[in-house]
Structures are given as C-alpha cells and as structure tokens.
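Hello,

Here is the structure I promised to pass on to you. Please have a look at it first, and then read my notes underneath.

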Amino acid sequence: MEPLIPLARAVASEVDRLGGFPAAVHIDGPRSVVVIEGLSGPETAARIQLALGRVRLRVEADGAGRLRVYPT
C-alpha cells in the first residue's frame, strides 16, 4: 500500500482541481488501486489521466459511480 500513497495524493489533488467535490479518494490495498468514489464516466477518466500526465497509469470507470486508477 505504501507505493500507492503518492499516487493517491496526486489523484486527490487533481480531483479537487477539476472540481470533483464531493468525490472521495481512497486506496484499496488488496487490489493495489486508488479508487475515486463519486466520479465516473470515460470522459472524466480521460481528464484524470491527462491531468496526471503519467504514461504508466490506467484509469477505468467501473460503472458503479467509481473510477479506479491503476499504476502499471
């Protein structure tokens, strides 16, 4: 879970910058993923990925009002 903390901070910062309030960002340790609760959709996923500017990062909408950010 330790390696995900800097990614979670960056994701939370970008969610805030993009006006994603009241979305919540947390780490799902067993799945090694950062989860954004309250934001969804492919356009939002693309905006988050573009804003983070990381090539080795995958952002997916899970269809249940969440985005998952996976380091690759």
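Below is what I found, beginning with the sheet and ending with the helices.

One thing to keep in mind as you read: this is a predicted model.

**The sheet**

Four strands make up an open sheet, and going across it you meet them in the order E1-E2-E4-E3, with antiparallel pairing. E1 and E3 are the edge strands; each has a single partner strand, so one side of each has no neighbour in the sheet. On average, neighbouring strands are turned by 20° against each other, if direction is ignored.

At one edge, strand E1 (residues 24-28) runs antiparallel to strand E2 (residues 33-37), and five bridges join the two. At the other edge, E3 and E4 also run antiparallel and are joined by five bridges. In that pair, Leu57 is placed opposite Pro71 of E4.

**The hairpin and its turn**

E1 and E2 form a hairpin, and four residues lie between them. Ser32 belongs to the loop between these two strands. Please look at its backbone: Ser32 has a positive phi of about 55°, although it is not a glycine. Is Ser32 buried or exposed, or something in between? Its relative accessibility is 41%, so Ser32 counts as partly exposed, given that this class lies between the limits of 20% and 50%.

Asp28 is another residue to look up here. It lies in strand E1 and stands opposite Val33 in E2. Why does Asp28 count as buried? Its relative accessible area is 18%, and buried means under 20%. Leaving aside residues up to four places away in sequence, Asp28 touches Val33, Val35 and Arg68.

**Helix H2 and the sheet**

Now to helix H2, which packs on the sheet and touches E2, E3 and E4; its direction makes about 160° with that of E3. Which residues of H2 are buried? They are Ala45, Ile48 and Leu52. Seen down the axis of H2, the buried residues fall within an arc of 65°, so they line one face of the helix. A general point helps here: an α-helix has 3.6 residues a turn, so residues three or four places apart point the same way.

What do the buried residues of H2 pack against? Their partners are H1, E2, strand E3 (57-61) and strand E4 (66-71). On the face of H2 turned away from its buried side you will find the exposed residues Pro42, Glu43 and Leu50. After H2 comes Gly53, which has a positive phi near 65°.

**The two helices together**

Helix H1 (residues 4-17) packs with helix H2 (residues 42-52) at an angle of about 115°, and their axes are 10 Å apart. The crossing of H1 and H2 is right-handed. From H1, the contact is made by Ala10, Val11, Glu14, Val15 and Arg17; from H2, by Ile48, Ala51 and Leu52. By type, the residues of this contact are six nonpolar, no polar and two charged.

If you want a place to begin in the viewer, try Ile48 and Leu52: both are buried in H2, and both take part in the contact with H1. From there you can go on to the strands that the buried residues of H2 pack against, namely E2, E3 and E4.

Enjoy exploring, and write back with any questions.

Best wishes

Key
Residues are numbered from 1 along each chain as its sequence is written. This is a predicted model: local features need pLDDT of at least 70, side-chain atom pairs count only at pLDDT 80 or more; totals for chains, interfaces and linings use all residues. Side-chain values use heavy atoms; hydrogens and water are left out. Two strands pair if DSSP finds at least two bridges between them. Buried means under 20% relative accessible area, exposed over 50%, partly exposed in between (1.4 Å probe, protein chains only). Contact means heavy atoms within 4.5 Å. Axes are lines fitted to C-alpha atoms, for helices over the stretch in contact, and angles run from 0 to 180 degrees between N-to-C directions. A crossing is left-handed if the near helix is turned anticlockwise from the far one by less than a right angle, and right-handed if clockwise. Ala, Val, Leu, Ile, Met, Phe, Trp, Tyr, Cys and Pro count as nonpolar, Asp, Glu, Lys and Arg as charged, and the others, Gly among them, as polar. The arc is that of the directions from the helix axis to the C-beta atoms.
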